[in-house]
Amino acid sequence: HTRGTPENMNSMINYSSVVDEVRDHLIVRRRAAEDAGVPSWNIILDPGIGFAKKLDENLAVLRSCGDLVRSWQPSPVLISASRKRFLGTILGEPDAQQRTFGNAATTAAAVAAGVD
């Protein structure tokens, strides 16, 4: 999930409830794919950690992984923190290459919540 393009997505950060909006948007997009003939279990849903979201919104999505997984079944869910900037902010680490432990922690939390 993201808004806009990489060039303008950060200007489109305006959520009333990031988790609800991301969940509902991806349900709508999955339905569109299903209507086009794609089986839901072949559609991987990614809430877009780090894309058009502020730090607190990224954390809210991560905290809600379990609820998102349940609401998006049977589609698999992907969380890709991949050393993103929000991890650098939390860790106080500007060098993306040094964010491995933050990425590992995010991955472990997502897997514990049922993310595929």
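A biologist asks and a modeller answers about a predicted model.

Modeller: Residues are numbered from 1 along each chain as its sequence is written. In this predicted model, local features need pLDDT of at least 70 and side-chain atom pairs count only at pLDDT 80 or more, while totals for chains, interfaces and linings use all residues; side-chain values use heavy atoms, without hydrogens and water.

Biologist: Why is Ala52 called buried or exposed?

Modeller: Buried means under 20% relative accessible area, exposed over 50%, partly exposed in between (1.4 Å probe, protein chains only). Ala52 has 0% relative accessibility, so Ala52 counts as buried.

Biologist: And what makes Leu78 partly exposed?

Modeller: Its relative accessibility is 39%, so Leu78 falls in the partly exposed class.

Biologist: Which residues does Leu78 contact, beyond its neighbours within four places in sequence?

Modeller: Contact means heavy atoms within 4.5 Å. Leu78 touches Ile44, Leu45, Asp46, Pro47 and Val115 in that sense.

Biologist: Where does Leu78 lie?

Modeller: Leu78 is in the loop between α3 (65-72) and α4 (85-91). Helices are DSSP runs (H or I, at least four residues), numbered from the N terminus.

Biologist: Which residues of α2 are buried?

Modeller: In α2 (residues 55-63) they are Glu57, Asn58, Val61 and Leu62.

Biologist: How do you know that they are on the same side of α2?

Modeller: The arc is that of the directions from the helix axis to the C-beta atoms. Theirs covers only 140°, so they sit on the same side of α2. The face turned away carries exposed Asp56 and Arg63.

Biologist: What is notable about the bond between Gln73 and Pro74?

Modeller: That peptide bond is cis, with omega about 5°. Most peptide bonds are trans.

Conventions. Helix = DSSP H or I, 4+ residues; strand = E, 2+ residues; numbered from the N terminus.
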